[in-house]
Amino acid sequence: MRSSEEGVVNLDKLTYAGNLHNLASVQGDARHVFVQGDIGDSALVQRLLAEHQPRAVLNFAAESHVDRSIHGPEDFIQTNVVGTFRLLEAVRHYWQALPAIEKEAFRFLHVSTDEVYGTLAPDAPAFTEEHTCEPNSPYSASKAASDHLVRAWHHTYGLPVLTTNCSNNYGPYHFPEKLIPLMIVNALAGKSLPIYGDGRQVRDWLYVTDHCSAIRRVLEAGRLGETYNVGGWNEKPNIDIVNTVCGLLDELRPRADGQSYRAQIAYVKDRPGHDRRYAIDARKIERELAWKPAETFDTGIRKTVQWYLEHADWVANVQTGAYRDWVQTQYQSQAESPST
Ligand code: DAU
């Protein structure tokens, strides 16, 4: 167990989805140091490593939105591939120069995604860590490339790495470009709820604090060089997710006209190359590290909807001009509905 006094240096580029308001709860806490910058800025990362001498580096940094990667893949290659490469190199040099005891204890934890495994047939078994890597979108290809780099830095240089591949996160502070927050925000604004294709694509949903506890556990006790799948055991078709969100809003913030928010559902053109199904087999992390999610989907989605209802200011704050431009670009090109 680490001391509760241990500090965290938070390096974040603060691109469109980053927001200092998300860090309000740690403002003024001496254990938290915020630095605005890029993992691809080698000089900056080297300086931070030398100054703060961390016992671990956790790589959460990524361009993460599939639709954006389809419109403009370049940033994904830059941050996810080149950025991870530069970060690995800076960390390798730092780690190699550590005294023996610190060197032994050091960890590099890379946070990745189940999307690197590709798509599953409806009746296929869920992704295990042995599943072949078959990414289908520019985003997932860039994450798969970064996973490969991390693996290679372990095998070639002996860097003490750990990799986690998680399913779809949801919960508070989720940027409203992703399915669940977009649906809540659009529903409350009286806008349409755009369902891609037939809405029968399946994702596994992981509440964000469960993801955090899994990362802590892997960092604490994961076996070096290993990959751990992290999932919520909540496989659900998108249309069921949207119906659940509408049902909760009907209960907690009914529409003035007495109709259900479901009336706002609109089927739109499908995402190109849309993966049909992701499912995580999270038995390895349970078996080896005794980790299990604490939230069910019912408890997690209720907390999430409540959080958005109570944080209208946060929502308004993140809906900048850049956000509005994105919504316009994405949903105008998808406006034509298929015959579903
Ligand atoms: O599986 C883990 C991944 O989950 C993460 O690695 C990604 O960073 C994260 O964005 C997420 O990827 P998805 O593409 O599954 O998430 P997204 O929220 O964009 O979409 C979830 C599903 O909902 C997907 O099948 C597409 C569909 N969808 C999404 C949006 C934004 C819609 O039908 N309508 C929408 O407006």
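**View 1. Ala294, out in the open on a loop.** At 69% relative accessibility, Ala294 counts as exposed, the cut-off for that label being over 50%. This is a predicted model, and in it Ala294 belongs to the loop that runs between H9 and helix H10 (297–310). Put Cys246 in the same frame and you get a C-alpha to C-alpha separation of 24 Å, for two residues that sit 48 apart in sequence.

**View 2. Strand S4, wrapped up by its surroundings.** Strand S4 covers residues 107–113, and seven of the seven are buried, so the strand is largely enclosed by the rest of the structure. In a regular strand, side chains alternate between the two faces of the sheet. Here Arg107, Leu109, Val111 and Thr113 point one way, while Phe108, His110 and Ser112 point the other way. Both sets are buried, which takes a relative accessible area under 20%.

**View 3. The strands on either side of the pairing: S3, S4 and S5.** S3 and S4 run parallel and are joined by four bridges. For a spot to zoom in on, try Leu58, which stands opposite Leu109 in S4. S4 also pairs with S5, again in the parallel sense, and that pairing has six bridges. One contact to pick out there is His110, whose bridge partner in S5 is Thr163. Bring H5 into the frame as well and you have a right-handed β-α-β unit made of S4, H5 and S5.

**View 4. The second largest pocket, with H5 in its wall.** The volume of this pocket comes to about 390 Å³. Two elements, helix H5 (138–157) and strand S5 (161–166), are the ones that give two or more residues to the lining. H5 supplies the largest share, with six residues. There are 20 lining residues, and those nearest the pocket centre are Glu129, Asp147, Arg151, Asn165 and Thr227. If you're sorting the lining by chemistry, it splits into five nonpolar, nine polar and six charged residues.

**View 5. Glu6 and Arg55, a salt bridge between separate stretches of chain.** The structure holds 18 salt bridges, and in this one the side chains of Glu6 and Arg55 come together at 2.7 Å, N to O. Glu6 lies in the segment before strand S1 (8–12) and Arg55 in the loop between helix H1 (42–52) and strand S3 (56–59), so the pair ties together parts that are 49 residues apart in sequence. Both ends are partly exposed: Glu6 has a relative accessible area of 34%, and Arg55 has 31%.

**View 6. A four-residue salt-bridge network around H9.** Side chains of opposite charge can pair when their charged atoms come close. Arg223 and Glu288 do so in a salt bridge of 2.6 Å, N to O. That pair links distant parts of the chain, since Arg223 is in the loop between helix H7 (208–221) and strand S9 (227–230) and Glu288 is in helix H9 (residues 283–289), 65 residues apart. Arg223 is partly exposed at 43% relative accessible area, and Glu288 is partly exposed at 29%. Lys284 makes a salt bridge too, with Glu226, and the closest N and O atoms are 2.5 Å apart. Here Lys284 sits in helix H9 and Glu226 in the loop between H7 and S9, 58 residues apart. Lys284 is buried, with a relative accessible area of 9%, whereas Glu226 counts as partly exposed at 22%. Through shared partners, salt bridges join Arg223, Glu226, Lys284 and Glu288 into one network.

Terms used:
Residues numbered from 1 in each chain as written. Predicted model: local features only at pLDDT ≥ 70, side-chain atom pairs only at ≥ 80, totals over all residues. Heavy atoms only, no water. 1 Å grid on protein atoms, 1.4 Å probe; cavity = no way out; pocket = protein on both sides within 12 Å on 5 of 7 lines; lining within 4 Å. Points joined across faces, edges and corners; volume = space filled by probe spheres on them. Nonpolar A, V, L, I, M, F, W, Y, C, P; charged D, E, K, R; others polar. Buried < 20%, exposed > 50% of the residue type's maximum accessible area, 1.4 Å probe, protein only. Pairing = 2+ DSSP bridges. Right-handed = clockwise from strand over helix to strand, strands pointing away.
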